[in-house]
Amino acid sequence: STDTNTTYSAGTNLTLSSTTFNVDDAFVTNNADDTMTGILTIDKTSSTTNSVTDVLVLQSQSSGTPAAGIGTGISFGIETAAGNVETGARIAALTTDVSSTNEDVDLVFYTMVSGDASTEAMRVHDNGNVTISGDLTIDGGNITNAITFDNGITDTGTISAGTWSGTAIAVNKGGTGATSASAARSALGVD
C-alpha cells in the first residue's frame, strides 16, 4: 500500500530518497552529545577475507597536553530501579605512558559491587600481563604451560598430577629438606 497521509522531510545531514532517509557521516560526527533509542547496527561489507575489519572506532582527544591516564571508554548504563540508571560496568583503554614513540596503553574493565561506583576489576597491561582484583575461578578448563608463583601459594589444595621440579621444601615448611628418599629419611630422623 502507499502511504499518502505521512509527510516526509529532510534536514541538515539528512536526505530523503523516495521513502528512505539517508544520514551522512557529519550527523554522527557533529561534536554533540546525541542520544538515540533502539539498536544501533553497524554493517560493513569489505573484500577482506583473512584479517579483522574495524567497524567501530572510538576516539577521544584533549584540547590540553595528553598525560598518563588519558584514554577512551565505554560505559554500560543499567536501570537498577525505576528511572534510576547507573554505570554498572565500564571498559577503558588508557595510557600509562604518553612519551612520543613509547606510548603504553592498558585495557581496563570496571564493575559495580554492592551499589558503589564501578571500580577496576581487571586490567590487561600493555605487556600482556593481567591483574585481577578479585578471585580467579576457572570452570571447566585447564591452565596450560608453566605457572610461576612470585609470592607463594597461600590457599589449601592438592597437587594431584605432574612432577615436582622445584627446590627442596624445608622441614619447617612441611617438607623434608631433601631431594631423595634416603636423604629425606635421614633429615626426618627415621633412619
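**Exercise 1. How many salt bridges does the structure hold, and which residues form them?**

Let's start with the count: this predicted model holds two salt bridges.

Step 1. Pick up R123 and look for its partner D106: their closest N and O atoms are 2.8 Å apart.

Step 2. Now place the pair. R123 sits in strand β6 (residues 119–124) and D106 in strand β5 (residues 104–111), so this bridge ties together parts that are 17 residues apart in sequence.

Step 3. Go on to E120, whose side chain meets that of R123 in a salt bridge, with 2.8 Å from N to O.

Step 4. Put the pieces together: because the bridges share partners, D106, E120 and R123 form one network.

**Exercise 2. Sort D106, R123 and E120: buried or partly exposed?**

Step 1. The cut-off you need is that buried means under 20% relative accessible area.

Step 2. D106 has 2%, so it's buried. R123 has 13%, so it's buried too.

Step 3. E120 is at 30%, so it counts as partly exposed.

**Exercise 3. Find out how β3 and β4 are joined, and what G83 does in their hairpin.**

Step 1. Strand β4 covers residues 84–97, and 10 bridges join it to β3; the two run antiparallel.

Step 2. Check a facing pair: F76 stands opposite A89 in β4.

Step 3. Look at the turn. Two residues lie between the strands, and G83 takes a positive phi near 75 degrees.

**Exercise 4. Which residue's charged end sits over the ring of Y110?**

Step 1. Find the ring of Y110; the charged end of R90 sits over it, 5.1 Å from its centre.

Step 2. Then search for aromatic pairs: the whole structure has zero.

Technical notes. Residues are numbered from 1 along each chain as its sequence is written. This is a predicted model: local features need pLDDT of at least 70, side-chain atom pairs count only at pLDDT 80 or more; totals for chains, interfaces and linings use all residues. Side-chain values use heavy atoms; hydrogens and water are left out. Rings of Phe, Tyr and Trp (its six-membered ring) pair if their centres lie within 6.5 Å; planes under 30 degrees apart count as stacked, over 60 as edge-to-face and the rest as tilted. A charge sits over a ring if NZ of Lys or CZ of Arg is within 6 Å of the ring centre and within 35 degrees of the ring normal. Two strands pair if DSSP finds at least two bridges between them. Helices (H or I, at least four residues) and strands (E, at least two) are DSSP runs, numbered from the N terminus. A salt bridge is a side-chain nitrogen of Lys or Arg within 4 Å of a carboxyl oxygen of Asp or Glu. Buried means under 20% relative accessible area, exposed over 50%, partly exposed in between (1.4 Å probe, protein chains only).
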